[in-house]
Amino acid sequence: MSRGISLLDYGKESNRAYLLEEFSKNNIVEPKELTKSSKDKVLWICEKYGYNHEYDMSVSDRVYKNCHCPYCAGNRTLVGFNDLWTTNPTVAELLEIKDIG
């Protein structure tokens, strides 16, 4: 681990304990093994809108840029959540019919 405060300590000492709550158990590392400025991508849990899913993002993006779930933000597509067939099936059908769209 490089020098600096660990994600575990940062989450406990700051007002951002949600970082530890959203840190996925499917990661192969623990929050104590990462610094808050780590560029390593890890899995985070998002429970927004009642649709539990995971996404990967670097620790430093979560800590310093205050980035959150890219699926909920509309920056990534997750089948069954924010894909065209889920959000607008009528338009998706038009795209599938070659004569129309």
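**Aromatic contacts, core and cysteines of the predicted model**

The charged end of arginine 62 is placed over the ring of tryptophan 44, at 4.7 Å from the ring centre. The model in which this arrangement appears is predicted. A second arrangement of this kind involves arginine 76, whose charged end sits over the ring of tyrosine 71, 6.0 Å from the centre of that ring.

Confidence in the prediction was examined along the chain. The mean pLDDT of the chain is 89, and 91% of its residues reach 70 or more. Strand β1 has the highest confidence, with a mean of 97, whereas helix α5, residues 89–96, has the lowest, with a mean of 84.

Tryptophan 44 also takes part in ring pairing. A search of the whole structure gives 1 aromatic pair. This pair is formed by phenylalanine 23 and tryptophan 44, with 5.6 Å from centre to centre and 85 degrees between the planes, an edge-to-face geometry. Distant parts of the chain are linked by the pair, the two residues being 21 residues apart. Phenylalanine 23 lies in the loop between α2 (18–21) and β1 (41–46), while tryptophan 44 belongs to strand β1 itself. Both phenylalanine 23 and tryptophan 44 are buried.

The nonpolar interior was considered next. In soluble globular proteins, nonpolar side chains tend to be buried together. In this model the largest nonpolar core has 16 residues, and the members that touch the most others are Leu7, Trp44, Tyr55 and Val59. Two or more residues of this core come from each of α1 (7–13), β1, β2 (53–58) and α3 (59–64). Strand β1 gives the largest share, 3 residues.

Tyrosine 55, one of the core members named above, has contacts in several parts of the chain. With neighbours within four places in sequence left aside, tyrosine 55 is in contact with Val42, Leu43, Trp44, Ile45 and Cys46, among others. Its contacts also include Glu22 and Arg62, as well as His68, Cys69, Pro70, Tyr71 and Arg76. Both arginines with a charged end over a ring, arginine 62 and arginine 76, are thus in contact with tyrosine 55.

Histidine 53 is located in strand β2. Its relative accessible area is 8%, so histidine 53 is buried. Beyond neighbours within four places in sequence, histidine 53 is in contact with Trp44, Ile45 and Cys46, with Cys69, Tyr71 and Cys72, and with Leu78 and Phe81. Trp44, Ile45, Cys46, Cys69 and Tyr71 are among the contacts of histidine 53 and also among those of tyrosine 55.

The cysteines were examined for bonding. The structure holds 0 disulfides. For cysteine 46, the closest cysteine sulfur is that of cysteine 72, and the separation of 3.6 Å is too far for a bond, because a disulfide requires sulfur atoms within 2.5 Å. Cysteine 67 is likewise in no disulfide, and its nearest cysteine sulfur, in cysteine 69, is 11 Å away. Cysteine 46 has 9% relative accessibility and therefore counts as buried, whereas cysteine 67, with a relative accessible area of 26%, is partly exposed.

Cysteine 72 is part of the loop between α3 and α4. Its C-alpha atom is separated by 8.6 Å from that of cysteine 46, although the two residues are 26 residues apart along the chain. Not counting residues up to four places away in sequence, cysteine 72 touches Cys46, Lys48, Tyr49, His53 and Phe81.

Two further residues of the loop between α3 and α4 were described, asparagine 66 and glycine 80. Asparagine 66 has a positive phi of about 55 degrees although it is not a glycine. At 42% relative accessibility, asparagine 66 is partly exposed. Its contacts beyond four places in sequence are Arg16, Tyr18 and Asp61. The C-alpha atoms of asparagine 66 and serine 38 are separated by 14 Å, with their places 28 residues apart along the chain counted as the distance apart.

Glycine 80 is also partly exposed, at 37% relative accessibility. With neighbours within four places in sequence left aside, glycine 80 is in contact with Tyr51 and Thr86. Between the C-alpha atoms of glycine 80 and tyrosine 55, which are 25 residues apart along the chain, the separation is 15 Å.

Definitions and conventions: Residues numbered from 1 in each chain as written. Predicted model: local features only at pLDDT ≥ 70, side-chain atom pairs only at ≥ 80, totals over all residues. Heavy atoms only, no water. Buried < 20%, exposed > 50% of the residue type's maximum accessible area, 1.4 Å probe, protein only. Phe/Tyr/Trp six-rings, centres within 6.5 Å; stacked < 30°, edge-to-face > 60°. Helix = DSSP H or I, 4+ residues; strand = E, 2+ residues; numbered from the N terminus. Lys NZ or Arg CZ within 6 Å of the ring centre and 35° of its normal. Core = buried A, V, L, I, M, F, W, Y, C linked by side-chain atoms within 4.5 Å. Contact = heavy atoms within 4.5 Å. pLDDT = per-residue confidence, 0-100.
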